[in-house]
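Q: I would like a close look at a single helix of this protein and at what surrounds it. Please take me through it in one connected account.

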Amino acid sequence: MINITQKLKNHLWWLIITVDYDYSRISIADHEINGDNLTLWLEDKHDFKNSLDDCLQIDLTLKQFAKIISSENLNSYEGTKMHPVKKFVYKDQIEINKPIKWYQEDASPTEQQWAREAMLKALLTQLVETEVYDGNQGDILFV
C-alpha cells in the first residue's frame, strides 16, 4: 500500500476532477530519482503546462516504487528452471535484477516509462478504492 498524505490526496482529487474523471488524461510531465525518492510531475494532457512549477509534484519512496515494479513483474520474465536436486523442469518468474537496479541499469526507456505509469496507476487506483462516502455527513472520507 502506498502512503498518501491528506494534502496529496486533496491535490490528486483536484487533478482527477480537473480531467473530468478521465484518468487517461493524466500524464507524467517529468520524473526524477534523487536519493531515496521518485518524484513525478503530473499534468492534464489537454492542458499542458509551461513549467514544472505548474504541475502537481508527487514524491514517492523508492521502496514503494520497487514494490510496484516487482508486483507488475516488470523486472522479471516467465521462464523455465530445473530443480537443482530432483532435476525436473518447472515454470517460474526469473528476476533480471533487483527492481530499482533493473529500472536504472537494465530497463529500456520504454520499460522505464511503463514502470512510472504503473506507479501512477497504482497511486490513482489506491486513492479511488479507499474512498468512502459518509452518508450522514455528506463528506468523502479516506480509510
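A: What follows looks at helix α2 and its surroundings, and then at a pair of strands later in the chain. The model is a predicted one, and within it helix α2 covers residues 62-71. The buried residues of this helix are L62, Q64, F65, A66, I68 and I69, and they pack against three strands, β1 (26-34), β2 (37-44) and β3 (56-61), as well as against the helices α3 and α4 (109-129).

The contact with α3 can be described in further detail. Two packed helices are described by the angle between their axes and the distance between the axes. For α2 and α3 (residues 99-106), the axes come within 8 Å and cross at roughly 85°, which means that α2 is roughly perpendicular to α3, since angles of 65 to 115 degrees count as such. On the α2 side the contact is made by L62, F65, A66, I69 and S70, which meet P99, I100, W102 and Y103 of α3. Taken together, the residues of this contact comprise eight nonpolar and one polar, with no charged residue. After α2 comes N73, which has a positive phi near 55°.

Turning to the strands, β4 (residues 76-82) and β5 (residues 89-95) run antiparallel and are joined by seven bridges, one of the pairings being that of E78 with Q93 in β5. These two strands form a hairpin with six residues between them, and in its turn K87 has a positive phi of about 60°.

Note on methods
Residues are numbered from 1 along each chain as its sequence is written. This is a predicted model: local features need pLDDT of at least 70, side-chain atom pairs count only at pLDDT 80 or more; totals for chains, interfaces and linings use all residues. Side-chain values use heavy atoms; hydrogens and water are left out. Axes are lines fitted to C-alpha atoms, for helices over the stretch in contact, and angles run from 0 to 180 degrees between N-to-C directions. Helices (H or I, at least four residues) and strands (E, at least two) are DSSP runs, numbered from the N terminus. Angles under 35 degrees count as roughly parallel, over 145 as roughly antiparallel, 65 to 115 as roughly perpendicular and the rest as oblique. Contact means heavy atoms within 4.5 Å. Ala, Val, Leu, Ile, Met, Phe, Trp, Tyr, Cys and Pro count as nonpolar, Asp, Glu, Lys and Arg as charged, and the others, Gly among them, as polar. Two strands pair if DSSP finds at least two bridges between them. Buried means under 20% relative accessible area, exposed over 50%, partly exposed in between (1.4 Å probe, protein chains only).
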